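Trainee: I am new to this structure, and I would like to go through the terms used for it one at a time. Could you take my questions in turn and set each value against its cut-off?

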Amino acid sequence: MIILGAVSLLVLALIVFITFNVTIAVQQRIKLQNYADSKAFSMAVAEARTLNYLAYTNRAIASAYVGMANVHAYMSEAAMLADLKLGGATIMSAIAGQEYNLCMCCCTPFGCAPCCFNHCIDAFEAEMNALGLTIDWISGDMAGKLSQLDGPASNATNALNNHINQMRISQTAARTAVVALLTSGTFGDLKKSNMQKADTVTQDDTMLSAANLQQWNRAFNSNTNQKKQIMTEVVNASRQDFAWNRSGPMGAPITPMLFPQLSQRVKSSTIWMGPTGTWTITQTPDVSFLAGGRTGAAAGAFGMAFTGDVGANQAGAVISSFDWGNLAGQWKHGASTSTLPMLGPISPGNLSSGQSGNTHSGGFLGDIFNNPHSGSNHGQNLDFSRFQEFAPSGSFPFNQPAVYAGASTDARVNEYGQRGPWEVAKDQSGTVKVTNVGPQEAKLTLSNNNRSKAFSKAMVYYHRIGDWSDYPNMFNPFWRAKLQPITTQEIGMVMAVDSNAGQVVGGAMGVNKSAVNVE
């Protein structure tokens with residue numbers, strides 16, 4: 001009875017030891033899975049935040065291009081004034097003829113009315129004003145004023161272009177930081193926070209780094225031509241009404257607002273007699289094939305004004321703008337009009353910057369004496385592919401990147417970094433050997449000697465609240481992160497990390513596919 005009691009107590013003690021070991025193993029396995037989940041989710045959050053940062057900076061890059069377009073719009077409006085004095089001279093000559101006609105109409109065979117002499121004097125003054133304006137045009141009176149704007153406009157374009165370069169550098173740095181994070185296989189103090197002092201026996205699965213890098217890199221579009229087309233369409237779609245078709249709110253013409261002192265600018269600084277008169281500039285509204293002015297990003301510069309807006313699928317390399325209009329003048333008893341520049345839509349005032357651009361002209365006649373170009377460089381490299389763009393696929397998950405995390409640990413080590421005192425095996429194998437009790441030695445394993453493993457997956461996904469139809473892109477900052485079930489295609493990856501887990505996942509798919517594979 002004593003021997004039987006001793007054996008029973010031994011068996012009971014071993015069962016207690018096994019219970020303790022199972023408890024510690026389960027506890028550590030739960031902590032390990034929490035660590036794998038938190039690691040996968042944290043890396044996914046880092047990727048989502050990076051994609052949102054890229055979306056914000058892409059918007060900033062697009063707005064810089066739109067800012068360039070606005071600069072070009074105002075500068076081509078100014079270049080249109082290169083022939084202002086010549087246009088004024090043409091109008092004053094026409095008014096002089098009108099005054100002479102009035103002078104002749106006032107005379108009859110019975111004599112001339114008193115107003116006849118007034119109209120003759122007005123005609124003479126109009127001729128002198130036309131002469132003064134012609135002298136101003138030949139002397140380049142407007143050239144000095146217009147060329148003073150050319151340098152600041154070029155500097156503004158350069159500043160915006162440099163801003164885009166800096167944004168591009170920051171985007172590259174952010175993307176590279178994610179690559180470094182995925183390559184390292186670790187994530188800050190997550191391991192210590194979850195495993196506590198058992199972190200010393202916990203190892204991250206580095207073989208998943210290659211899969212994470214592949215998922216991350218394939219989310220980006222590397223086609224330079226496609227990226228140029230995308231940014232060009234974004235910029236042209238974001239143009240203000242004025243840059244697009246020279247109209248203001250509700251389509252109202254805005255050009256009179258640009259020349260509040262036009263009458264004073266038309267007035268000759270050489271010879272001028274009589275009142276200043278009333279002068280206005282109007283531009284033809286956009287009628288698809290013809291417009292008084294237009295600004296846009298395209299593969300090449302605008303030519304004559306007899307062109308439509310920028311077409312589709314343009315790989316942007318140039319920001320171009322043109323303007324022409326009609327100068328109307330009323331002086332004393334006469335009125336007339338003239339085109340600005342003098343050749344109107346055939347040779348408008350224009351400004352273009354870019355690889356194949358670099359022109360600043362006041363029109364053919366305007367450039368003869370009043371060229372607005374000061375020699376400033378407008379040949380900047382306006383590469384429209386300097387941004388990060390998403391490369392969606394045609395089916396789920398649309399190239400939205402997944403993140404995988406795997407880890408293993410010695411489940412016999414508790415959160416204090418120690419093994420339990422109940423492990424009676426001196427060789428730390430977890431197996432008790434009993435000898436000299438029979439023909440063979442007896443073995444009793446009290447704990448699992450294999451390392452415990454955990455696998456987790458998270459997904460970086462795009463969701464605009466209230467609109468699932470919005471396709472993933474890098475212009476809207478709506479990227480998020482979540483833990484994601486394993487798909488059928490990822491079973492092999494799970495098997496490589498943990499064959500037991502792979503078999504469990506495969507079995508679960510066989511029983512209830514929807515519980516594991518969500519598409």
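Mentor: What follows is a set of questions and answers on this predicted model.

Trainee: Why is M92 called buried?

Mentor: Buried means a relative accessible area under 20%, and M92, which lies in helix α2 (residues 84-105), has a relative accessibility of 0%, so M92 counts as buried. The C-alpha atom of M92 is 9.2 Å from that of A123, and the two residues are 31 residues apart in sequence.

Trainee: Why is R168 called partly exposed?

Mentor: Partly exposed covers what lies between the limits of under 20% for buried and over 50% for exposed; R168 has a relative accessible area of 23%, and therefore R168 is partly exposed. R168 is found in helix α4, and its C-alpha atom is separated by 6.0 Å from that of R386, although the two are 218 residues apart along the chain.

Trainee: How do you know whether N476 is buried or exposed?

Mentor: The relative accessible area of N476 is 12%, which is under 20%, so N476 is buried. N476 has its place in the loop between β14 (452-462) and β15.

Trainee: What makes the pair of N476 and R59 a polar contact?

Mentor: A polar contact needs a pair of N or O atoms within 3.5 Å, one able to donate a hydrogen and the other to accept it; the side chains of N476 and R59 make such a contact at 2.5 Å.

Trainee: How do you know that the length of helix α7 agrees with its number of residues?

Mentor: Helix α7 (residues 224-237) has 14 residues, and at 1.5 Å a residue these should span 20 Å; because the end C-alpha atoms are 20 Å apart, the two values agree. At the N-terminal end of α7, N223 acts as a cap, with a side-chain oxygen 3.1 Å from the backbone nitrogen of N225. The buried residues of α7 are K227, K228, Q229, M231, T232, V235 and N236.

Trainee: Why are β7 and β8 said to pair?

Mentor: Two strands pair if there are at least two bridges between them, and strand β7 (residues 325-331) and β8 have seven, so they pair, in the antiparallel sense. A328 has T337 in β8 as its bridge partner. Two residues lie between the strands of this hairpin, in which K332 takes a positive phi near 50 degrees.

Trainee: How do the side chains of β8 divide between its faces?

Mentor: They alternate along β8 (residues 334-340): G334, S336, S338 and L340 point to one face and are buried, while A335, T337 and T339 point to the other face and are not buried. In a regular strand, side chains alternate in this way between the two faces of the sheet.

Trainee: What makes β3 and β15 edge strands?

Mentor: Four strands form an open sheet in the order β3-β11-β14-β15, with antiparallel pairing, and β3 (203-204) and β15 (479-483) each pair on one side only. Between β3 and strand β11 (residues 402-409) there are two bridges, which satisfies the requirement of at least two. D204 has A407 in β11 as its bridge partner.

Trainee: What lines the second largest pocket?

Mentor: This pocket holds about 290 Å³ of space. It is lined by 15 residues, of which L81, L149, L258, F259 and R265 are the closest to its centre. The lining divides into 11 nonpolar residues, one polar and three charged, and α1 (2-79), α4 (141-184) and α9 (262-266) each supply at least two of the lining residues.

Note on methods: Residues are numbered from 1 along each chain as its sequence is written. This is a predicted model: local features need pLDDT of at least 70, side-chain atom pairs count only at pLDDT 80 or more; totals for chains, interfaces and linings use all residues. Side-chain values use heavy atoms; hydrogens and water are left out. Buried means under 20% relative accessible area, exposed over 50%, partly exposed in between (1.4 Å probe, protein chains only). The expected span of a helix is 1.5 Å times one less than its number of residues. On a 1 Å grid over the protein atoms alone, a cavity is a set of points where a 1.4 Å probe fits but cannot get out, and a pocket is an open set with protein on both sides within 12 Å along at least five of seven lines; lining residues have an atom within 4 Å of a point. Grid points are joined across faces, edges and corners, and a volume is the space filled by probe spheres set on the points. Ala, Val, Leu, Ile, Met, Phe, Trp, Tyr, Cys and Pro count as nonpolar, Asp, Glu, Lys and Arg as charged, and the others, Gly among them, as polar.
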